[in-house]
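Biologist: Could you take me through one part of this model at close range? I'd like to hear where it sits and what it touches.

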Amino acid sequence: MTTASVNERIQLIVKGASKDSTCSPSLVKGPWEFDGGPAHYGPGASSEDTIPADSPTQGVLPAEYRLASDAELHERIIAAKQTLGDRVVILGHFYQRDEIVQHADYLGDSFQLANAAKAHPEAEAIVFCGVHFMAETADILSAENQAVILPNLAAGCSMADMADIDSVTEAWEQLEELYGTEPDSQGRVPVIPVTYMNSSAALKAFCGAHGGIVCTSSNAEVVLKWAFERGQRVLFFPDQHLGRNTAKAMGVSIDDMPLWHGRKPLGGNTAADLEKAKVILWNGFCSVHKRFNVQQIEKARAEFENVRVIVHPECPMPVVDAADEYGSTDYIRKAVAGATEPTTFAIGTEINMVQRLAAQYPQHNIFCLDPVVCPCSTMYRIHPGYLAWVLERLVAGEVVNQIKVSAEVSENAKIALERMLAAKPL
Ligand code: SF4
């Protein structure tokens, strides 16, 4: 299937004219079709997503990996991993496809994988089956002599790319001009920058250098408390939904959470709005979680009397408000694992994780709230062909697709990350 026909298919699904169970057959079978293609993330991505001009691009995957059968790739990955032994550790995000996850030494969310990356100083290489910002974080936290490898360089994150260092620096300068830099009588500075883990290393470094911190969806509330002890307000980027949902649960009024539109004067706000702001939200979002809506929850409740609706905090606020519970991928996993009676779960997060839970816990009825069930199109770029390729190159003594963060960026980003790792999830 060509790129164009996949895109046509997606449009049909979006319009409700197709009942396909996935928005992207090509993404599953041959993601190399999209490597180095037009500046978008491929099927399932939002039209508002744009890949930054300086993003790394994936070279052509050698034909032997593109043409190999699933079974052959599976065997080759196992063989290469056995040969490498303790020299390599493979990390897999919850949103990865099963064909990848089965080879991972660790499966987790970004917070857990950040810790796992630190736990193996003996490994020469960390193969990160996730997206670009996660591999950057692993490089920052791992030892100097370890190589962090992203099997497909096209595996970015559309949300992370919605906030770049130039526009955040510009926003910061405007806020400093408005608020000044002097602490109040309680010693709290005017603004603390908080970046979601889903952001570039440059933004993490910005937070480290400006008294700020990183958060994940597991510890966002702990991190916001940390920030409010040190600052009068927070500039939260890039995900507006995680920031809004978390601050609202902590009692911050929606009226005190203006949205900041990058590159507009005062982010499109008035000085008065910003004066009373408690959390200034960057205008970013996740294309996958933005798809969930209240109607899907109402439909699930109409069809299943005692359905338990759990959504991820990257979902819009009305969806989180309408759900029974919300939490990180790890929260969702533990909620399902901890259910002692057969239960119907309607889950609002990425489809790979939901399908894995459904297979793992057959005593429950588990389904995804979104009937279109698009995967995270960038995570899906990590096909077994790429994993086999990077591992076999390692066996041959060659490191390909290394993600290396500069020493200056790494130093400041590490400050913000270490602050985060010290802030334990609730
Ligand atoms: S699910 Fe959303 S936030 Fe997570 S990697 Fe994919 S695009 Fe980024």
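**A close look around H312**

Modeller: Let's start with contacts: leaving out residues up to four places away in sequence, H312 touches S217, H289, Y326, T329, G348 and T349. Keep in mind that this is a predicted model. H312 sits in the loop between strand 10 (308-311) and helix 14 (317-322). Loop or not, H312 counts as buried because 27 other C-beta atoms lie within 10 Å, and 20 or more is what it takes.

Now follow one of those contacts, T329. That residue belongs to helix 15, which covers residues 329-337. T329 is buried too, because it has 23 other C-beta atoms within 10 Å. Apart from residues up to four places away in sequence, T329 touches F94, D109, H312, T349 and M353. So T349 turns up in the contacts of H312 and again in those of T329.

There's also a record to set beside this: an unreviewed UniProt entry lists H312 and T329 under "binding site", along with H93, S110, Y196, M197, N198, S217, P313 and E314. S217, you'll recall, is one of the residues H312 touches.

As for the ligand, 13 residues are around it, and C157, M159, C286, V288 and C376 come nearest. That shell divides into 8 nonpolar residues, 4 polar and 1 charged.

For a contrast, try A271 in helix 12 (residues 271-275). A271 is exposed, because just 10 other C-beta atoms lie within 10 Å and the cut-off is 12 or fewer. Beyond its neighbours within four places in sequence, A271 is in contact with L178 and L266. L178 is 93 residues away along the chain, yet the two C-alpha atoms are separated by 7.5 Å.

Technical notes:
Residues are numbered from 1 along each chain as its sequence is written. This is a predicted model: local features need pLDDT of at least 70, side-chain atom pairs count only at pLDDT 80 or more; totals for chains, interfaces and linings use all residues. A residue is near a molecule or strand if its C-beta atom, placed from the backbone, lies within 6 Å of it. Ala, Val, Leu, Ile, Met, Phe, Trp, Tyr, Cys and Pro count as nonpolar, Asp, Glu, Lys and Arg as charged, and the others, Gly among them, as polar. UniProt positions are given in the numbering used here, feature names are shortened, and annotations may be inferred rather than shown by experiment. Helices (H or I, at least four residues) and strands (E, at least two) are DSSP runs, numbered from the N terminus. Two residues are in contact if their C-beta atoms, placed from the backbone, lie within 7 Å.
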